[in-house]
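Trainee: Please give me a close look at one part of this model, its salt bridges, and then set that part in the context of the whole chain. I would like the cut-offs stated as you go.

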Amino acid sequence: MDQLPPQMVMYQLATAFYASQALGVAANLGVADHLPATAGELADKLGLHAGALRRVLRLLVSTGVFVERDDGRFDATPLGALLRTGPGSMRSMVRLFAGPGQWATWGDLVNTVRTGEPALQRVFRTAGPFEYFEGRPEEAKIFDEAMSAFTAMTAVSVAAAYDWSAVRSVCDVGGGDGAMIAGLLRAHPALRGACFDLPRTGEPARARIRDAGLADRCEFVGGDFFAAVPAGHDVYVMKHVIHDWDDAHAAKILANVRAALGTGARLLVVEGIYPDRIDTGLASRGAAGNDCNMLVATGGLQRTEREFRELFAAAGLRLARVIPTQGPPILEVVPT
């Protein structure tokens, strides 16, 4: 295919939100769970306007999410099947990133560029993302489900890429609903573990641990990593925690982990590393996009390897090695 003229490329970039918002509509309405069906059948079942729905479905056909058959029925492609409810679903992820919080926050990006302050706090008059979710239980549920789906996939990569043979006990710091710790313990039956996070995550974490048949090897510990981290584990894991925070807050979390590390204990930071130079490749696009999302939403940032080393050093830690995985890399960190 001939390269598109620059004007068309610019047009596609400027209108990329068309597809993301259409995707959000399909995810919020649970359209994929009712396919194959015509737009009329879907409209009757879901209480929608058939003509408007058909137009949105056709937009998603153009992106490869759905197909339209000769008989007028729409169906999900393998990509669109990820919007169906069930194991491996990405529906909550789409609902999160195409949802009202992200939409309004990114819509105020220009003022973040003017001030350097996260848009989320300004737009919603909240102290931060976690306080934002406290008053919005439905959005909090979507956020937790989306993070759990990401984490479950990442857990498989971390379990396979790291040598766990000499590890007896692992603590997932900021472990949410237990997706990471459950994945690690399922993959390595000799491991024992703990999921450490704010008390509000206790109920779903205990349920996941129980449903996975791991209650005899794993516990939930409620607390605040800005105050202290439980001691006594061989390995501590933090997945996509540090990038939520600026350097001062991140250093405080890391210092508390450092205080919990016994002799021979290690910290595994599972998180993307910002490239030294940005190009047009997929990795650069993901890193830069994630970094700007932290800019508007949390005040955190993606860090280069050099920035990680400096941050670890400020907390009495050093980066021992970077271990590639099928997902985010593992930064193995040890006391200095």
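Mentor: Burial will be needed throughout: a residue is called buried when its relative accessible area is under 20%, exposed when it is over 50%, and partly exposed in between, with a 1.4 Å probe and protein chains only. This is a predicted model, in which local features need pLDDT of at least 70 and side-chain atom pairs count only at pLDDT 80 or more, whereas totals for chains, interfaces and linings use all residues. Residues are numbered from 1 along each chain as its sequence is written, and side-chain values use heavy atoms, with hydrogens and water left out.

Taking a salt bridge as a side-chain nitrogen of Lys or Arg within 4 Å of a carboxyl oxygen of Asp or Glu, the count comes to 17. Consider the pair formed by Glu138 and Arg95, whose closest N and O atoms are 3.8 Å apart. The pair links distant parts of the chain, since Glu138 belongs to helix α10 (residues 137-161) and Arg95 to helix α5 (residues 91-97), 43 residues apart. Helices here are DSSP runs of H or I with at least four residues, and strands are runs of E with at least two, both numbered from the N terminus. The two partners fall into separate burial classes: Glu138 counts as partly exposed because its relative accessibility is 45%, while Arg95, at 19%, counts as buried.

A second pair joins Asp211 and Arg210, whose side chains meet with an N to O distance of 3.9 Å. Here Asp211 is exposed because its relative accessible area is 63%, and Arg210, at 53% relative accessibility, is exposed as well.

The pair of Arg309 and Glu305 has an N to O distance of 2.9 Å. Both residues lie in helix α15 (residues 305-314), where a spacing of 4 residues amounts to about one turn of the helix. Arg309 has 39% relative accessibility and therefore counts as partly exposed, and Glu305, with 32%, is likewise partly exposed. Beyond these pairs, Arg69, Asp75 and Arg84 are linked in a network of salt bridges.

The nonpolar surface offers a useful counterpart, built from nonpolar side chains (Val, Leu, Ile, Met, Phe, Trp, Tyr) joined within 5 Å, in residues with over 30% relative accessible area and no salt bridge. One such patch, with about 980 Å² of accessible area together, includes Leu4, Leu13, Phe17, Leu59 and Trp103; accessible areas come from the Shrake-Rupley method with a 1.4 Å probe, and for residues only the protein chains shown count as cover. Helices α1 (6-14) and α2 (17-29) each supply at least two residues of this patch, and the largest share, 5 residues, comes from α1. Leu13 lies in that helix, α1, and is classed as exposed because its relative accessibility is 60%.

As for the whole chain, it has 15 helices and 10 strands, and its C-alpha trace spans about 65 × 50 × 45 Å along the principal axes. Buried residues make up 44% of the 336 residues. The chain exposes about 17200 Å², of which carbon and sulfur atoms supply 56%. With a contact meaning heavy atoms within 4.5 Å, residues 24 or more positions apart account for 63% of the contacts that have a separation of 6 or more.

Conventions:
Patch = residues over 30% accessible without salt bridge, like charges linked within 9 Å, V, L, I, M, F, W, Y side chains within 5 Å.
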